[in-house]
Amino acid sequence: MTDPFHPYASLYATPKGPGDARPTALQIIRDDGLLNRWTGKVVLVTGATSGLGLEVARALYTTGADVFITARDIRKAEDVFEDIRKSDHGNGKLEVIAVDMNSLESVKKAAKDFLARSDRLNVLVNNAGIMAIPTATTTADGFEQQFGVNHLAHFTLTALLLPILLRSSTPAFNSRVIAVTSSAHRYSTIRFADVNLASSYDPWLAYGQSKTANIWMATHIDRIYGPRGVHAVAVHPGGALTALHQNVPAEMIAAWGADPNMMASMMAPDQGAATTTWAAVAGVWEGKGGKYLSECGVGGPAKDLGSVLDPGYGPYAFDREGEERLWDVSCEMARVEVEG
């Protein structure tokens, strides 16, 4: 009998590279029987103009839900809409919310824009991200860029949308927040003494810290708001070469390409979007959350902390004291008040 919390485990057992038997995001929708079954639901996906976010939005559109995406480039978003509309399914609306994730003022404006256009929000997918920025760079608000974009921008958006997520929750379908993290969270916990890494910047430590923050935000939301009908999970999507990797050194990309095990683990973008899509739609997650997901299943602790191919979580992934401290610090940094 298939384990409902690891329904595709056999397909991940022996990966053979992009396009192999591992599920795609659209396969998740079809397997759950959700083609045009979500009419009336509203979904918001950040960073959906390319890569995994685009494939998540494409798949969710086939459910018939109204899909909002965020984008810095509105013209690019319109091109994406034309691409998504070519799908064989989907009868909901497609709308774009303009936002620059480097600016919390822009994020706050985007939240207001969304609230002016929709009276509900059933699923929020915090997908946008940057990785391995080579030199110390700050956002418009003065925060280390990876922490600012990957965590603070999403924290701010989520905090401002929590009231509508709470109002939209029903006994039949609790609202969901999906935080896209990475196994690279194992590179660093949150460095509260120097969260901006001002004393010593390292691109991978900065990325790892931001990805730990994604997990802690999700677990905190689920613990505090789950009893009120808003559940959250953190998702490690796995490896898929996309624009996210644009700052990865060429020699590292070359080393990956020369490693047969690494290349076998890689997925096509629509496969890399599968776990996020599963978290967003699967019936098994109704009324549940607070987990770290990978390979379309509930992830476990990493067996080899030093291997990028191990999809498991690190020893500090579930740290209640840390998550509470991060929540409070994030409220102060973003200058937001969170309901409840």
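The structure holds one cavity of 30 Å³ or more, and the model in which it is found is predicted. The largest cavity has a volume of about 50 Å³, and β5 (175-180) and β6 (230-236) each supply at least two residues of its lining. Both strands belong to an open sheet of eight strands with mixed pairing. The points below cover the cavity, the sheet, a pocket and three single residues.

**Largest cavity**

- The lining of the largest cavity consists of R176, V177, I178, H231, A232, V233, A279, W285 and K288.
- By class, six residues of this lining are nonpolar, one is polar and two are charged.
- At least two of the lining residues come from β5 (175-180), and at least two from β6 (230-236).

**Strand β5**

- β5 is mostly covered, with six of its six residues buried.
- In a regular strand, side chains alternate between the two faces of the sheet.
- In β5 both faces are covered: S175, V177 and A179 are buried on one side, and R176, I178 and V180 are buried on the other.
- β5 pairs in the parallel sense with strand β4 (residues 123-126), over four bridges.
- Within the pairing of β4 and β5, R176 of β5 is the bridge partner of V123; R176 is also one of the residues that line the largest cavity.

**The sheet and its edges**

- The order of the strands in the open sheet is β3-β2-β1-β4-β5-β6-β7-β8.
- β3 and β8 stand at the edges with a single partner strand each, so one side of each has no neighbour in the sheet.
- Strands of a sheet pair through backbone hydrogen bonds, in either a parallel or an antiparallel sense.
- For β3, the pairing is with strand β2 (residues 66-71), in the parallel sense and over five bridges.
- Among the bridge partners, F68 is matched with E95 of β3, and I69 with V96 of β3.
- Although β3 stands at an edge of the sheet, four of the five residues of this strand (residues 94-98) are buried, so β3 is largely enclosed by the rest of the structure.

**Second largest pocket**

- The second largest pocket holds about 260 Å³ of space.
- It is lined by 14 residues, of which S294, E295, G300, K303 and P311 are the closest to its centre.
- Two or more lining residues come from each of α1 (9-12) and β8 (297-298).
- The lining of this pocket divides into five nonpolar, six polar and three charged residues.
- β8, one of the elements that contribute to this lining, is also one of the two edge strands of the sheet.

**S210 in helix α7**

- S210 lies in helix α7 (residues 203-225).
- The relative accessible area of S210 is 0%, under the 20% limit, so S210 counts as buried.
- The side chain of S210 makes a polar contact with the side chain of N150, at 3.0 Å.
- Beyond residues up to four places away in sequence, S210 touches Q146, F147, N150 and H151.

**G17 in the loop after α1**

- G17 is placed in the loop between α1 and α2 (25-31).
- With a relative accessibility of 3%, G17 counts as buried.
- G17 and S265 are 248 residues apart along the chain, yet their C-alpha atoms are separated by 5.6 Å.
- Leaving aside neighbours within four places in sequence, the contacts of G17 are R22, M263, A264, M266 and Q271.

**P4 before α1**

- P4 lies in the segment before α1.
- The relative accessible area of P4 is 47%, which lies between the 20% and 50% limits, so P4 is partly exposed.
- The C-alpha atoms of P4 and G297 are separated by 8.4 Å, although the two residues are 293 residues apart along the chain.
- Apart from neighbours within four places in sequence, P4 is in contact with W278 and V284.

Definitions and conventions:
Residues are numbered from 1 along each chain as its sequence is written. This is a predicted model: local features need pLDDT of at least 70, side-chain atom pairs count only at pLDDT 80 or more; totals for chains, interfaces and linings use all residues. Side-chain values use heavy atoms; hydrogens and water are left out. On a 1 Å grid over the protein atoms alone, a cavity is a set of points where a 1.4 Å probe fits but cannot get out, and a pocket is an open set with protein on both sides within 12 Å along at least five of seven lines; lining residues have an atom within 4 Å of a point. Grid points are joined across faces, edges and corners, and a volume is the space filled by probe spheres set on the points. Ala, Val, Leu, Ile, Met, Phe, Trp, Tyr, Cys and Pro count as nonpolar, Asp, Glu, Lys and Arg as charged, and the others, Gly among them, as polar. Buried means under 20% relative accessible area, exposed over 50%, partly exposed in between (1.4 Å probe, protein chains only). Two strands pair if DSSP finds at least two bridges between them. A polar contact is a pair of N or O atoms within 3.5 Å; within protein, one must be able to donate a hydrogen and the other to accept it, and residues adjacent in sequence count only if both atoms are side-chain atoms. Contact means heavy atoms within 4.5 Å.
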